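Got your viewer open? Keep the selection tool handy, and we'll go from one stop to the next.

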Amino acid sequence: MRNYLLGVLLLILAFYLLWEQGSRQLEYPEQTAPADSSAPTELGAIRDLNSSSEDFNLQASSSNGSSESVISFPQSLGEEKFYEGLQTNLSSMTFSNHTGGIRSIELFKSDRLNKAYEHKLIDQPFLGMAFEDDSGRVLADALPDPRGFRLLDPQNTQDKVTYRWESPGKISIDRTYERLEQEGYLFRHRIVVRNLSDSPIGYDNGPLERVRLYLGSSFQIPRMYNPFDQASTYLSVGYFNDGVPLDEGCSCATCSGRIDGEREEFFQLNELGPSGRIQPRELSKVKWACINNQFFVNLLRPESELNDFRVWAERAPSRRGQDGEELVGISGAVSFPLGTILPNGSKEFAFEVYAGPKDYAELAKFADEQRKVMQFGIFWWISEPLSWSLDKLSALFGSYGFGIVVLTILVKLLLWPLTAQATRSQKKMQALQGPLGKLREKHKGNPQKLNQEMMKFYKENKVNPFAGCWPILVQIPIFLGMFWMLRSAAELYGQEFLWAQDLSEQDSIAMLSGFSLNLLPIFMVVTQWYQMRLNPMQLGPEMSEAQRINAKMMRFMPFMFLVFLYFFSSALVLYWTTQNLMTILQTLLTKNTAGSTSLPQLEEEKNSSPNSSGREKGSSAMQDDVDDEEKKLRNYLGLKGRGRIDPMTLESRYRERMKNYTPARLKELSEGKRAIAEEKRNKITEAYEVLKNGLNKEA
């Protein structure tokens with residue numbers, strides 16, 4: 001009881017410290033807010049871009065005077081104008097006349113997304129365009145900002161939007177966006193650069209050597225406080241390189257952390273270092289590049305092969321959310337060679353663009369490993385089939401909550417034979433603790449001999465001491481695979497189940513001073529505690545100190561899981577609770593069908609026992625069939641659970657057991673352990689007397 005009180009006190013202390021940390025983090029943004037954090041974020045109130053500087057300033061500089069011979073000086077265009085086009089039942093896009101890029105993407109509620117989301121691009125727009133030299137410096141005067149793009153044929157923008165910018169007699173740029181209803185969140189973007197002059201432009205023919213496209217900025221999605229899951233781990237700029245691996249790639253195909261392999265890389269916000277940016281990554285054969293947060297991604301895939309493709313990433317200026325909280329973000333950009341454009345010639349660059357939720361079922365349809373955007377890590381081979389199965393089951397049952405429950409049950413049924421065998425092995429190992437304690441006592445000064453005798457003893461009794469570990473070892477990758485799958489599944493965003501308003505968030509039933517009161521984790525810890533009660537560890541005096549420490553740690557395991565899982569999504573807690581309930585059911589069924597396990601004897605006990613062969617038939621005995629209460633009494637003395645009992649064996653076992661509870665041994669124990677030992681001694685004595693009286697009555 002004292003241990004449980006200590007555990008509760010430690011649990012209360014842990015929650016208090018987490019609460020205090022959460023309160024300080026809630027106060028911190030107010031103290032460290034940037035001076036311009038109060039700037040409006042609505043599209044209609046975006047600042048005048050005529051006075052803006054290059055926000056993505058990695059190695060940026062103004063171009064030299066040579067660009068004047070190519071591009072005319074920028075003109076003041078006044079207030080930025082927006083145009084909403086390419087609307088389908090899934091999303092719509094807002095374009096800017098200053099940039100020819102996408103200023104915001106509004107995702108509608110649909111069958112694949114249960115909650116609407118608007119991706120606003122406050123600074124550089126998505127697919128904003130610039131020119132740079134070969135060293136990566138942005139030529140600010142080469143393609144001025146604002147550029148003054150003109151919308152062509154504004155009456156026909158349902159499936160196609162085209163913007164044009166032109167410097168008369170020098171250069172023109174057409175930017176075309178096309179979208180088909182049946183292609184979901186995918187659309188196509190085409191850039192056509194025309195040389196209107198009499199001289200070549202491009203590489204070795206002027207300053208316009210490379211084209212830069214901005215991936216925009218991605219900010220954290222406001223979530224409830226979680227000390228174990230920081231928003232910066234979800235914000236990343238990534239790419240897929242099908243050419244020569246970069247130095248930062250791992251030597252294996254699937255390694256841990258942000259780097260999932262030699263080909264796909266994801267640079268998280270918390271990995272950008274003190275400078276807040278990374279050096280450009282030069283890719284020999286790019287397949288795609290992206291920027292994403294927890295549930296949404298903007299992905300750019302060239303339709304033709306582009307060599308010397310470069311990717312940048314840097315920290316975006318933080319901004320305020322709707323509730324005044326500070327939101328951190330990350331910005332990204334890519335660049336590629338413009339090449340040489342002859343007089344009156346043109347150059348075209350075509351891209352497939354995905355702007356939508358991180359939906360594995362949708363991303364898996366594409367051919368160039370776009371599903372890697374899910375960042376399932378080293379257990380992708382588990383997360384991917386689990387995600388596919390969850391999608392199918394949720395469609396079948398009409399609820400992602402029921403889908404998670406059914407998926408957990410199916411996984412548990414697949415592992416049923418393994419866990420059932422492990423349960424039987426654990427019960428048999430418990431029955432071996434008495435003889436093993438004697439072996440430890442006999443060979444305590446000779447560890448090598450002890451190990452040899454223990455292995456021999458295991459072999460004679462056909463017991464694998466590691467069999468009980470297999471369910472844990474198997475469940476760890478499944479749990480981690482489920483964890484990585486559920487943490488970024490956009491399908492769960494806004495999904496309701498029972499009292500949980502959002503399966504991707506904590507199942508809060510009330511807020512107390514900024515701290516969420518969650519009910520589902522309480523159910524989880526109760527089921528896990530009861531599950532452990534069904535498989536108690538016997539702590540007799542013969543147990544080693546390491547076994548005692550291990551048993552005490554296992555008692556606190558449910559509370560450790562409570563602290564860890566309390567702040568995670570209700571989908572993950574729902575999975576763990578359902579698994580606990582299935583384990584409880586399996587344990588009850590296994591206990592009812594496995595029967596009791598008799599205690600094996602050591603070799604010297606078998607040789608010394610007059611009835612070791614088990615073929616004595618003349619002695620008085622009980623009936624073969626015994627009730628559960630008598631099986632329990634027999635187990636205290638290490639007797640077989642059914643069949644006849646030999647009186648001499650009963651006496652021998654009783655004397656052997658009582659040797660472990662002599663006054664001298666009890667005196668060596670602490671007060672708490674002594675009380676437990678005395679209680680077990682009394683139970684052994686009571687069992688002996690009841691069984692002996694039964695034998696006497698039968699005689």
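Start by selecting residues 236–241, which are strand 12 of this predicted model. Six of its six residues are buried, so the rest of the structure largely encloses this strand. (Buried is under 20% relative accessible area, exposed is over 50%, and partly exposed is in between, with a 1.4 Å probe and protein chains only. Helices, H or I with at least four residues, and strands, E with at least two, are DSSP runs numbered from the N terminus.)

Now show the side chains. In a regular strand, these alternate between the two faces of the sheet. On one side of strand 12 you'll find Ser236, Gly238 and Phe240, and on the other Val237, Tyr239 and Asn241, with both sets buried.

Next, add the partners; two strands count as paired if DSSP finds at least two bridges between them. Residues 264–268 are strand 13, which runs antiparallel to strand 12 over five bridges. Look for Phe267 there, standing opposite Val237. Then bring in strand 15, residues 286–292, also antiparallel to strand 12, over six bridges. Here Trp288 stands opposite Phe240.

While you're around strand 13, pick Gln279, in the loop between that strand and strand 14 (281–283). Is Gln279 buried or exposed? Neither quite: its relative accessibility is 48%, so it counts as partly exposed. Put a distance label from its C-alpha to that of Trp312: the two are 33 residues apart along the chain, yet separated by 6.7 Å.

Before moving on, colour by pLDDT, the predictor's confidence in each residue from 0 to 100. The protein chain averages 75, and 73% of the residues score at least 70. Residues 250–260 fall below 50, with 28 contacts in the model beyond near neighbours in sequence (a contact means heavy atoms within 4.5 Å). Residues 594–599 are also under 50, and the model gives them 18 contacts beyond four places in sequence.

Two leucines come next, and phi is what to check. Most residues other than glycine have a negative phi. Select Leu86, in the loop between strand 1 (82–85) and strand 2 (91–96): its phi is positive, about 55°. Leu86 has a relative accessible area of 0%, so it is buried. Then jump to Leu127, in the loop between strand 4 (117–120) and strand 5 (129–132). Phi is positive for Leu127 too, near 70°, and at 0% relative accessibility this residue counts as buried.

For a helix, go to residues 520–533, helix 9. Its 14 residues should span 20 Å at 1.5 Å a residue (the expected span is 1.5 Å times one less than the number of residues), and the end C-alpha atoms are indeed 20 Å apart. Which residues of helix 9 are buried? Select Leu520, Pro521, Met524, Val525, Thr527 and Gln528. They cover an arc of only 160° around the axis (taken from the directions from the helix axis to the C-beta atoms), which puts them on the same side of helix 9.

Finally, zoom out. The protein chain has 16 helices and 22 strands, and 51% of its 699 residues count as buried. Of its contacts with a separation of 6 or more, 70% are between residues 24 or more positions apart.

A note on conventions: residues are numbered from 1 along each chain as its sequence is written. Local features need pLDDT of at least 70 and side-chain atom pairs 80 or more, while totals for chains, interfaces and linings use all residues, and side-chain values use heavy atoms, leaving out hydrogens and water.
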